[in-house]
Amino acid sequence: MAVTAPTRPSAVRADRRRSGPRTAARRGPHRLDGAGPVAYALLAAITAASVFPLYWSFVVASHDDNSVLAGTTPPLVPGGHLIENIQRVFELSAFWQALGNSLIVASTTAVSNVLLSSLAGFAFAKLRFPGRNALLVCVVVTVMVPTQLGIIPLYMLVTDMGMYGRLSALIVPALVSAVGVFWMRQAIEENIPDELIEAARMDGAGLLRTYWHVVVPGVRTTATVLGMFTFMFAWNDYFWPLIALPPENGTVQIALNQLAAGYYTDYTLMLAGVVVSVLPVLAVFTVLARRIVSGVMAGAVKG
Amino acid sequence: MAVQAHPTPGRTRPGRPPRRPRPERHLLPYLFVAPFFVVFGVFGLYPLLQTFWVSLHDWDRLAGQGAWVGFDNFTRLLEDSDFYTATFNTLSIFVLSTVPQLLAALGLAWLLDRRLRARSAWRALILVPQYVSVVAVALVFSQLFGRDFGIVNWVLENLGVIGAPVDWTADTWSSHLAISFMVMWRWTGYNALIFLAAMQAVPRDLYESAQIDGASRFLTFRKVTLPAIRPTIVFTVVISTIGGLQLFAEPFLFDQQGNAEGGAEHQFQTLTLMLYKYGFINNDAGYASAVSWVLFLVIAVVAAVNFLLARRSERR
């Protein structure tokens, strides 16, 4: 669900249009009114609601025990015990291992999705071969297939292949996705002129060389956004790791849930775990926010 | 049928002598697309079809294939009152989360479509919930919706909306509302950005002529913006349907029991929770596979209905 396919041609036009919003504004009357105080107030309220639950986790995670939750008013001001609680998270659970597992799974699938999706996207966008259209239709249709429904045979299959409990159980089925192929095909068609491919061919470059030296550099931005979304999706996934890995060798999300399980839940500990699990992703994505937003905005169709 | 990079799709260039295809070009395009088809075939399509085979058997997840039972698992399902509860819960939570979510996203996109100060910052901030894992969301919101010390009860009591603290997990409607809220929180901003992208592609002159005709802001939105972005709305509705009907982590983590029962009376057990319970706790893979197929059917029907409704309103 995280990586949504983006098929609307309108999105492509949106991206082109955005390249010159100022010039567009200078020409003639503005197409929509500017925002008044009411609009800003609404936006501020919505933004506050978007960020509040995270802020609140951080607040609770920085207090020394559950008693902070038992007051007559909810806690809204941070205490001074965040570092201490984070240390306890690492002492009381295999959180380092879980972080490592998540990092390996998420980065491997991100890299392989980018490479394999752009390779297939290149073939679909720029090469002509018998059956191309039929195969492309297959890709589009599979975007809509809820693979979650085959989860029991998938578990059996992975077990039969000897991958149960190993990180490969998470990586191999996610090496490449229909959404990725479709995304990259759009981007390559949009961004790489046929003449460029032709020129590379004239110069005697084989298809692989053309892919690596012409196609990949030409769609770097879309590839980055696809990689980041794949990373985020793998990092945040819960259902499949819950099934394919034993709890003692899980991913961050599994470890997080274990912090919360048990008869007595230590909320400061649990929410410190939430902070640890969210912070790395949030930090990376805040730095790259502008690029991601334009990626989602354009359906990542264009770099 | 020479396989070659094509300079102009769909057109042949008569002036150029036919190029003799290099032999590896026949194979290479297929090799390029092969990884996707292999991975999808083995780990996507095969399990989906195998599910049907499993559903026709007595099948223990650990012991493996048992006797052929035909459609017994399906008839058992149709006699199982839990199944109807779960179907109702799935549809109820889906409607409660998707309808307000898409409406809110439309409104939010409409706000963001104006000339704004710090435009990129607003856009980035509404996307923040999307980076947060569903586990973190479920854990945090379970606290916010706590009976005794939850902020939601505290606010509602202070506003005078409720007289006594609500035990959000205890009842059908309260638990559905709380779970829908988690889903909404995570996805509204994302959908808003998708809508915003479509809105920005609406031709400017349409707005200008509406302005000249003296149409109000709301009328312009209804008569110009909405029809223009309808394909995008249909797209998000279909995608939200597929996701919304498969909810697992939110209801699974809502009560911290980890037993996939969805509360004492299954008041928030969704079909995917039921699938997990029978498949991975009771190890009754045959029965769980029957649940899978029915869920698949529900998704297909709801998605088709949504699609047709959206198409019909388009023609009006």
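This is a conversation about two pockets and chain B.

Trainee: What kind of model is this, and how are its parts numbered?

Mentor: The model is predicted: local features need pLDDT of at least 70 and side-chain atom pairs count only at pLDDT 80 or more, while totals for chains, interfaces and linings use all residues. Residues are numbered from 1 along each chain, chains are lettered from A, and side-chain values use heavy atoms, without hydrogens and water.

Trainee: What makes the largest pocket a pocket, and what is its volume?

Mentor: A pocket is an open set of points on a 1 Å grid over the protein atoms alone, where a 1.4 Å probe fits, with protein on both sides within 12 Å along at least five of seven lines. Its volume is about 830 Å³, that is, the space filled by probe spheres set on points joined across faces, edges and corners.

Trainee: Which residues count as its lining?

Mentor: Lining residues have an atom within 4 Å of a point. The largest pocket has 32 of them, and A:Y267, B:S142, B:Q143, B:G146 and B:R147 lie nearest its centre. Helix 15 (267-287) of chain A and helix 6 (134-144) of chain B each give two or more residues; the largest share, three residues, comes from helix 6 of chain B. Helices here are DSSP runs (H or I, at least four residues), numbered from the N terminus.

Trainee: And the second largest pocket: how many charged residues are in its lining?

Mentor: None: the lining divides into 24 nonpolar, four polar and no charged residues. Charged means Asp, Glu, Lys and Arg; nonpolar means Ala, Val, Leu, Ile, Met, Phe, Trp, Tyr, Cys and Pro; the others, Gly among them, are polar. By those classes, the largest pocket has 16 nonpolar, 12 polar and four charged lining residues. The second largest pocket has a volume of about 720 Å³, and of its 28 lining residues, A:A49, B:F141, B:F145, B:F181 and B:W185 are closest to the centre. Helix 8 of chain B gives the most, seven residues.

Trainee: How do you know whether chain B fits the compact globule rule?

Mentor: The rule is 2.2 Å times the number of residues to the power 0.38, with the radius of gyration taken over C-alpha atoms. For 316 residues a compact globule would be near 20 Å, but chain B has 25 Å, so chain B does not match the rule's value.

Trainee: What share of chain B is called buried?

Mentor: Of its 316 residues, 57% count as buried, meaning under 20% relative accessible area (1.4 Å probe, protein chains only).

Technical notes
Buried means under 20% relative accessible area, exposed over 50%, partly exposed in between (1.4 Å probe, protein chains only).
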